[in-house]
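Reader: Please show me the structure first. After that I would like to ask about it in steps, starting with how the strands are paired.

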Amino acid sequence: MDGQLAIDVAGLTKTYGTFTAVDNLDLKVKKGEFMGLLGPNGAGKSTTLKSVSGLIRPTSGQILINGIDSQKNHRKALARVGCVIETPEFYRGYTPAELMEYAGRIYGLNKTETAIRARDVLEEVKMWEWRNKPIGEFSKGMRQRVALAQALLPNPEVIILDEPTSGLDPRGMIEIRQTLNSLKKRDRSLLISTHILKEVSEMCGTVTMINHGKVVTTGDVASLIHQSAMTDAGSVEIELRTLKDMTPAFITDLGGCAGVKNTEKMGSREVKVVFSGTDEDQASLVDVVYRYDLRLLGMTEKGADIEKLYMNLTKGEKASVQ
Amino acid sequence: MIGRNKQANAGGTFNDYSDTDYSATDEEAHRSTEYQLPSSVNQMLTVTKATLKLFSKSYTFITLTALVLLIPLLVYAGLLDFVLGDDMSVYDPGDYAATLLGALPVFIALIPAAVMSKLIPSEFRDRTAYLSLALPQSRASFFFGKFLAGMLVQIFVFTLAYGVIALVTSLEIGSLDGGAVLLAFAITIIGGFAISATVYALSTFMKKGSALLLFLLFYMVIPAVMILIDANTVFSDIIGGFIDNAQYLPPIAGDVATFTLGTPYELMSPVYFYSMLVENSGITLFNYNSVLDMGVYAVWGAAFLLLGLYRFERREM
Ligand SMILES: Nc1ncnc2c1ncn2[C@@H]1O[C@H](COP(=O)(O)OP(=O)(O)OP(=O)(O)O)[C@@H](O)[C@H]1O
Ligand SMILES: [Mg+2]
């Protein structure tokens with residue numbers, strides 16, 4: 001089973017009339033992997049996730065979930081999948097408890113199993129108290145929580161979420177992130193589209209950026225962030241802060257280190273280093289600080305965050321960053 | 001993190017699970033659940049049950065039940081005395097029951113339109129399909145599950161209606177021929193099935209699923225077209241007695257069912273209204289073949305169901 005793909009999308013294309021919403025898109029989520037799907041409004045994220053979950057028919061392309069073709073056998077392919085696509089609604093008169101019962105029966109959970117799981121997931125999303133109230137009276141955030149609970153009900157191996165925390169309060173967002181993160185221990189796979197970059201940086205190991213229905217970049221979140229921190233010349237800016245004042249001799253020595261292209265003193269205890277060396281070279285910068293006994297307070301790679309990555313990749317676009 | 005203890009569980013109720021005093025530990029709740037996907041038929045019945053629950057909370061169901069219960073109310077309020085005269089004893093029980101069923105040609109179009117027209121469109125309009133169709137069930141079982149629920153509601157309403165009519169007739173006139181009642185009931189249900197399937201299929205093409213539009217199609221448009229064809233001598237000469245063939249069309253099932261019981265004093269049949277307007281169109285439904293009619297209705301219904309399924313499987317949100 002190891003190394004097998006949880007989700008394998010190949011050559012997915014979806015056209016609406018003459019408009020191509022998703023254009024020959026490839027997407028692979030390994031088992032146990034959490035992948036974030038990023039992109040500006042209208043990039044084709046929801047269209048991709050709707051195709052994967054069988055809500056729309058792709059114009060062309062193949063979608064395998066746990067190795068099963070979801071277009072040929074939707075039922076079997078989604079047997080171990082939980083989905084939340086674009087804030088789904090449920091019959092207004094239904095209560096969360098009735099919804100869980102319905103979903104549980106479709107998935108094939110028996111009564112006891114459904115009762116245990118329903119309580120578990122409704123407690124996780126903080127909706128247990130509301131289990132017998134009609135969903136039609138809930139706020140958007142509450143309905144979103146119930147939808148999440150429903151997706152997690154069958155203890156799914158693969159989870160597909162389209163902006164799952166939209167409409168949630170800050171505490172709710174953090175709690176949902178914790179809940180999803182705890183699933184990592186159980187080797188679950190997640191494909192999540194979101195505009196909240198923190199959700200990607202805190203949960204996802206890999207990220208796929210799409211725009212105009214095409215993949216812009218895909219890969220490991222950490223290394224993509226590292227790459228994005230690099231300036232055009234392929235170097236990064238490192239800021240060093242120390243407890244004691246920096247001497248000119250120290251600055252000179254620092255400038256002489258391998259990989260250092262330039263140094264700029266920002267204050268008596270702070271220096272900016274333009275650097276393009278190996279990790280080893282970077283570690284030796286710290287050695288210099290120790291040699292002068294300046295007591296290192298901090299060393300930060302400037303601009304090394306997911307927002308910079310996102311902005312770089314969507315340059316010239318009207319990006320929507322929350 | 002997930003606080004779980006016996007006391008909390010004992011106090012809380014979880015619908016019909018409240019009798020489950022089972023309380024999972026964290027490990028249990030987080031173990032890999034092994035479960036088997038139920039059969040498609042099983043899943044279909046789950047959808048049927050969920051839809052029936054929805055009906056039980058809706059006005060459609062209550063209104064239809066109330067309408068049926070209006071029949072004895074009107075009878076005992078003296079409405080029939082006014083129409084038929086005071087001396088009921090001259091009436092044959094079959095004719096009396098047929099008169100009570102006089103509104104059937106309306107209701108056989110109205111009830112399917114009211115029950116079926118919104119089942120599918122509302123799933124898309126209210127976005128509830130985003131949840132249901134992303135579950136591991138085939139669109140076919142979802143489609144048939146909802147249809148079955150709609151049929152069960154109608155069977156309930158029509159059973160109630162025939163029961164009420166049989167009861168009132170036996171109290172007022174005398175006992176009915178059981179075989180004729182059963183046959184009329186079967187024609188009603190199978191004719192209703194054909195109209196339901198047509199409404200359901202057409203609604204898969206619609207955004208809102210207008211019950212009024214679909215009702216008028218069956219109650220007015222189709223019979224009108226039939227009469228016009230019959231009134232046009234050119235057509236009558238070619239196909240000869242087209243109206244005699246009208247019995248095979250589901251909108252006429254209500255008329256056929258009524259005549260199976262007896263001759264009604266008054267029939268709210270669109271075919272009669274129109275034939276009064278158009279010269280040269282005397283309509284008789286006395287020479288009908290109820291078994292053949294039911295066969296045609298069943299095939300008609302099945303064909304439209306398949307059309308609806310074809311469309312539903314391709315419908316996107
Ligand atoms: N049913 C439809 N008919 C026509 N065009 C559509 C349809 N659904 C989506 N589109 C178009 O496809 C493109 C991609 O839409 P999609 O919903 O996938 O974007 P998204 O990445 O999810 O955006 P957002 O961040 O706003 O959720 C958009 O330009 C949209 O207008
Ligand atoms: Mg979207």
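**Strands, helices and contacts**

Reader: To which strand of chain A do six bridges join β9 (residues 206–211)?

Author: Helices (H or I, at least four residues) and strands (E, at least two) are DSSP runs, numbered from the N terminus. β9(A) runs antiparallel to its partner, and six bridges join the two. A:I210 has A:V215 as its bridge partner. The strand joined to β9(A) is β10(A).

Reader: What kind of model is this, and how is it numbered?

Author: Residues are numbered from 1 along each chain as its sequence is written, while chains are lettered from A and ligands numbered from 1 in the order in which they are written. Local features need pLDDT of at least 70, side-chain atom pairs count only at pLDDT 80 or more, totals for chains, interfaces and linings use all residues, and the model is predicted.

Reader: Which are the edge strands of the open sheet of six strands in chain A?

Author: Strands pair if DSSP finds at least two bridges between them. The order of this open sheet is β6-β7-β8-β3-β9-β10 of chain A, with mixed pairing. Two of the strands pair on one side only, and these are β6 (81–84) and β10 (214–220) of chain A.

Reader: What is the average twist from one strand of that sheet to the next?

Author: Angles run from 0 to 180 degrees between N-to-C directions, and axes are lines fitted to C-alpha atoms, for helices over the stretch in contact. For the six-stranded sheet of chain A, the average from one strand to the next is 10 degrees.
In addition, α5(A) packs on this sheet and touches β6 and β7 (158–162) of chain A; contact means C-beta atoms, placed from the backbone, within 7 Å. The direction of α5(A) makes about 165 degrees with that of β6(A). The twist asked for is 10 degrees.

Reader: Why is one side of β12 and of β14 in chain A left without a neighbour in the sheet?

Author: The open sheet holding them has four strands in the order β12-β13-β11-β14 (chain A), with antiparallel pairing. β12 (260–267) and β14 (296–301) of chain A stand at the edges, so one side of each has no neighbour there: each has a single partner strand.

Reader: Which helix of chain A packs on this sheet and touches β11, β13 and β14?

Author: β12(A) pairs with β13(A) (residues 270–275) over six bridges, in the antiparallel sense. Helix α9(A) (residues 248–255) packs on the sheet against β12 and β13 of chain A, and its direction makes about 155 degrees with that of β12(A). The helix that touches β11 (236–242), β13 and β14 of chain A spans residues 279–291, and its name is α10(A).

Reader: Which residue takes a positive phi in the hairpin of β1 and β2 of chain A?

Author: Eight bridges join β1(A) (residues 5–16) to β2(A), and the two run antiparallel. A:T15 stands opposite A:T20 in β2(A). Two residues lie between the strands of this hairpin, and the one with a positive phi near 65 degrees is A:G17.

Reader: Which element gives the most residues to the shell around ligand 1?

Author: A residue belongs to the shell if its C-beta atom, placed from the backbone, lies within 6 Å of the ligand. Among the residues around ligand 1 are A:Y16, A:F19, A:N41, A:K45, A:S46 and A:T47. Both β2 (19–30) and α1 (45–52) of chain A give two or more residues. With three residues, the element that gives the most is α1(A).

Reader: Which helix supplies the largest share of the side of chain A that touches chain B?

Author: The contact takes 44 residues from chain A and 35 residues from chain B. On the side of chain A, α2 (74–77), α3 (96–107), α4 (111–124) and α5 (140–152) each supply at least two residues. The largest share is 11 residues, and it comes from α4(A).

Conventions:
Contact = placed C-beta atoms within 7 Å.
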